[in-house]
Amino acid sequence: MVSSLVSKTKPLSMALARMSRSSLRRSEGAIQNMFNEEQHKQKYSSPFIPNATAQGKFSYFSSIKRENHMSLWSRGIRVTPHYQNPTAERIVEESDSEYEATTTTTTKYPGLEATRSSEKPRVVVLGTGWAACRFLKGLDTNIYDVVCISPRNHMVFTPLLASTCVGTLEFRSVAEPVSRIQSALASNPNSYFYLASCSGVDTEKHEVYCETVSNGGLSNEPYRFKVAYDKLVIASGAAPLTFGINGVEEHAFFLREVNHAQEIRKKLLLNLMLSENPGISEEEKKRLLHCVVIGGGPTGVEFSGELSDFIMRDVRERYSHVKDDVKVTLIEANEILSSFDVGLRQYATNHLTKSGVRLMRGVVKEVHQKKIVLNDGTDVPYGLLVWSTGVGPSNFVKSLHLPNSPGGRIGVDQWLRVPSAEDVFAMGDCAGFLEQTGRPVLPALAQVAERQGKFLVELFNKIGKQNGGKAFSANDIPFGDPFVYRHLGSMATVGRYKALVDLRQSKDAKGISLAGFLSWFIWRSAYLTRVISWRNRFYVAVNWATTLVFGRDNSRIG
């Protein structure tokens, strides 16, 4: 009967032991002081009190050798020695082993700890996009150590990315290594670049948690680590908007990274070569050679223009057997280039139509492996599908417990600070003004991100010179004038040496609007000067000249 009673109370005893031990761990310092008052620093035993050693470390009952029950009684704590109740001893030992198994599975990340007072403050930058790289380029590394964390080690010059899909430019021409943008990442002893994705941010501990991008290169994967920061700059960018449409992520290509352009190029050339194989039906051939672009924004229009150029000049010469079957369709729910002047939109529509691009109005309902279905039930077969319908908050941004602006971005104030998180800033496509600031959320444009990066790095250099770089040290430093964005205009190429230049400061404002060959010359000149390094400017100029003289390269590699 006694053994039955003990067996029934065993789970309750274990639970009480775990609960009390958890409470005592939270008050470890108080307990340690209590034991230090004893003249004889002996080990004590109780199912509810951890042992205290002379070194101030805590262990548990499986290692008990001596007990002093009288000293515990003097404190009003009643104890049954384990030799009087062996069952209770066994409960405690099993509880301890269960606790130790739990604590060994608690994640303890390696990484960079908080900076010491003798060290420079550490700025952690998440991302290598326009905003992050403009920030990195201007940061004063005599004041700060910098750590950049990103799943790619380069910046992509996105305005010229569409040109790489068809061979007008080589891929390396639009990629700039981040270590060239900020040399301290490669040379300074306490500055680093980590090829990793950020998985979480603890704003109270001032730590970010990361997972490396290794693709099987490490013995322990996924490999995770942490980095403590004094100041955190979130510039992780955005993700393509799919609107929850089934099949988009599985079957469509996006155009935001160099590897996206590489995959599009390989798929395009593969379809051209497959269509020439004997025995391919006419229906299958037309499907393989049908390129569909979803989204009539600048990226979709520029890609369609480059593709029509490639077909008109290169495909007709080198794939003469199938030249008449290659088609390009641009599908947009409303008007193409809706942010441009009405006259420029009409010019783009007429020019693309003359170049062989078919313009369709429609909304995609679902995407299948070989066709898309529109809301009106129309089936559109395709061989290549490129999705370019804008961007929205990434899964990482959605996972952060930070205030949101309209649209789901990280909410910031006029100085790009995240108000609810000390020493955290956000900029670029992942950030937007909070509603209470009274400012609209800015569009996801390269010039917006670059201007924010420039503003924020000047602010950091300013507060760093006033000893405000360390964590929690910038509260009393005036930040000066807030960020103000002024739109400098928009440009887009539509193929065949034609482009659009809209210099209006807003959609409804008046300003200069140009279209044609002169606009194309302005477009190329402007972007050539905006390419970050002289090395890449040289690459771009040589690629353009090579394409003009010899045509585009149609080698399929990989």
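Start by selecting Ala 175, which, once residues up to four places away in sequence are set aside, touches His 154, Met 155, Val 258, Arg 535 and Asn 536, a contact being a pair of heavy atoms within 4.5 Å. This is a predicted model, in which local features need pLDDT of at least 70 and side-chain atom pairs count only at pLDDT 80 or more, while totals for chains, interfaces and linings use all residues. Residues are numbered from 1 along each chain as its sequence is written, and side-chain values use heavy atoms, with hydrogens and water left out.

Staying with Ala 175, you will find it in strand S7 (residues 175-177); helices (H or I, at least four residues) and strands (E, at least two) are DSSP runs numbered from the N terminus. Ala 175 counts as buried at 15% relative accessibility, where buried means under 20% relative accessible area, exposed over 50%, and partly exposed in between (1.4 Å probe, protein chains only). If you add Phe 157 to the selection, its C-alpha atom is separated from that of Ala 175 by 6.4 Å, although the two residues are 18 apart along the chain.

**The whole chain**

Now zoom out and colour by pLDDT, the predictor's confidence in each residue, from 0 to 100. The mean pLDDT of the protein chain is 85, and 81% of its residues reach 70 or more. Select residues 1-106 separately, as pLDDT stays under 50 over this stretch, for which the model has 92 contacts beyond four places in sequence. In cartoon view the protein chain shows 17 helices and 26 strands, and of its 558 residues 47% are buried. Among the contacts in the chain with a separation of 6 or more, 66% are between residues 24 or more positions apart.

**Helix H5 and its cover**

Select helix H5 (residues 130-138), whose buried residues are Trp 130, Ala 131, Ala 132, Cys 133, Phe 135 and Leu 136. What covers these buried residues includes strand S4 (122-126), strand S5 (145-150), strand S6 (154-156), helix H7 (178-181), strand S11 (231-234) and H15.

**The largest cavity**

Helix H15 (446-465) is also the way into the next stop, since together with strand S23 (431-433) it is named as supplying at least two residues of the lining of the largest cavity. A cavity here is a set of points, on a 1 Å grid over the protein atoms alone, where a 1.4 Å probe fits but cannot get out, and lining residues have an atom within 4 Å of a point. By this rule the structure has 5 cavities of 30 Å³ or more, and the largest holds about 70 Å³ of space, the volume being the space filled by probe spheres set on grid points that are joined across faces, edges and corners. Of the 14 residues that line the largest cavity, select Arg 409, Ala 431, Gly 432, Leu 442 and Gln 452, which lie nearest its centre. Strand S23 gives the largest share of the lining, 3 residues. By class the lining has 9 nonpolar, 3 polar and 2 charged residues, with Ala, Val, Leu, Ile, Met, Phe, Trp, Tyr, Cys and Pro counted as nonpolar, Asp, Glu, Lys and Arg as charged, and the others, Gly among them, as polar.

**Salt bridges**

Side chains of opposite charge can pair when their charged atoms come close. With a salt bridge taken as a side-chain nitrogen of Lys or Arg within 4 Å of a carboxyl oxygen of Asp or Glu, the whole structure has 21 salt bridges.

Select Arg 265 and Asp 553, which form one with their closest N and O atoms 4.0 Å apart. Arg 265 lies in helix H10 (residues 258-274) and Asp 553 in the segment after helix H17 (534-550), so this pair ties together parts that are 288 residues apart in sequence. Arg 265 counts as buried at 10% relative accessibility, whereas Asp 553 is partly exposed at 34%.

Next select Asp 314 and Arg 552, whose side chains meet in a salt bridge of 2.8 Å, N to O. Because Asp 314 lies in helix H12 (residues 298-318) and Arg 552 in the segment after H17, the pair ties together parts 238 residues apart in sequence. Asp 314 is buried, with a relative accessible area of 2%, and Arg 552 is buried at 6%. Extend the selection to Glu 306, Asp 309 and Arg 318, which are linked with Asp 314 and Arg 552 in a network of salt bridges.

Key: 1 Å grid on protein atoms, 1.4 Å probe; cavity = no way out; pocket = protein on both sides within 12 Å on 5 of 7 lines; lining within 4 Å.
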